[in-house]
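This report describes a single protein chain, with emphasis on its salt bridges. Please consult the sequence and the coordinates while reading.

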Amino acid sequence: MKIQHTLILIGLCALFQACKDGNPVENEELITAKQQEISNDVLELERFINELEFIARSIKIYHPNQPGILMGATISKGQTEEGKKKYDILFNNITGSDDKKRSGKLSVVFEDAVENGNTVLGKHLHVRSDDDTQLFSVAGIRFKGSLIFSNISNSDMAITDHLNAQSFLINPAGDQIRFSSARKSKWKAGNATPDIADDVFELSDQHYSLNIANTTNEFVNVEPGAAATLQHACSESPFLPKAGKLAIEHLGGKSWTINLGNGDCSTLPALENSH
């Protein structure tokens, strides 16, 4: 799936791994256009997972306050047919600090669990977009499916577990990514305040599988390279990690790493071939 808007602006030096003090590096294998397309899709998926986790966390911890991208959204509380608590969230062309427009509907469904004979209220939160007439979209990329976030808490070093068996990202042309995903996020800073700008999360144990369908079918696995850091203070890209690495395996093709940066908000991802 070729994302229609610019996701990452990898400079020529980073893209081709061929610049050092202004001179080409000899015998360095070039990064291909296919690798960059796949990397853009992986980063779009990463961004969506982080955004939907933010929404789940905000509903559980901050509601009725509506921080960040939820500001201006219409949120209504109700129940599912099974009697589970849920919140429906309607976005009407809401533009976030990242200058991306959001539209459509999300539902956040609370699911209780029994552990050691005790009921844990709202242990699992399902973030759903399953109404084809109003799928949740960001900058024209639509999300269809249900992501699960478990153990959301604002306690010190709280770890949220994410799991998704199958969901989809669909671009305006109809090309789609079918994906499964699992990972952990640890709240490293900012949990004691209601200000989301000081929130910092460590992302780890990523296991993503993608089937990217456009003119061909590409199968991609994503594994952790180095723990990633997500900082909401990076307001122009609050859902894209600015440090860490993701290891990419293109089945039948190459393997490489996405270096997410050095932690600075202005940093851009770079691609590094595996050797």
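In this predicted model, Lys86 and Asp88 form a salt bridge whose closest N and O atoms lie 3.4 Å apart. Both partners lie below the 20% limit of relative accessible area that defines a buried residue: Lys86 is buried at 19%, and Asp88 is buried at 14%.

A second pair joins Glu272 to Lys245, with 3.7 Å between the closest N and O atoms. This salt bridge links distant parts of the chain, since Glu272 belongs to strand 13 (residues 270-273) and Lys245 to strand 11 (residues 243-250), 27 residues apart. Here the partners count as partly exposed: Glu272 has a relative accessibility of 24%, and Lys245 has one of 30%.

Arg57 and Glu53 form a further salt bridge, with the closest N and O atoms 2.6 Å apart. These two residues are 4 positions apart in helix 2 (residues 33-61), so about one helical turn separates them. Arg57 is buried, with a relative accessibility of 5%, and Glu53 is also buried, at 2%.

The closest N and O distances of these pairs are collected below.

| Salt bridge | Closest N and O atoms |
|---|---|
| Arg57 and Glu53 | 2.6 Å |
| Lys86 and Asp88 | 3.4 Å |
| Glu272 and Lys245 | 3.7 Å |

Salt bridges also connect Glu44, Arg47, Glu51, Asp98 and Arg102 into a network. The count for the model comes to 14 salt bridges.

Turning to the chain as a whole, the model contains 2 helices and 13 strands. Of its 275 residues, 47% count as buried. Among contacts with a separation of 6 or more, 50% are made by residues 24 or more positions apart. The exposed surface of the chain is about 12,800 Å², and carbon and sulfur atoms supply 48% of that area.

How confident is the prediction, and what is the mean pLDDT of the chain? The mean pLDDT is 89, and 89% of the residues reach 70 or more. Over residues 1-28, however, pLDDT stays under 50. For this stretch the model has 56 contacts beyond four places in sequence. Where pLDDT is low, predicted coordinates should not be read in detail.

Key:
Residues are numbered from 1 along each chain as its sequence is written. This is a predicted model: local features need pLDDT of at least 70, side-chain atom pairs count only at pLDDT 80 or more; totals for chains, interfaces and linings use all residues. Side-chain values use heavy atoms; hydrogens and water are left out. Buried means under 20% relative accessible area, exposed over 50%, partly exposed in between (1.4 Å probe, protein chains only). Contact means heavy atoms within 4.5 Å. Accessible areas come from the Shrake-Rupley method with a 1.4 Å probe; for residues, only the protein chains shown count as cover. pLDDT is the predictor's confidence in each residue, from 0 to 100. A salt bridge is a side-chain nitrogen of Lys or Arg within 4 Å of a carboxyl oxygen of Asp or Glu.
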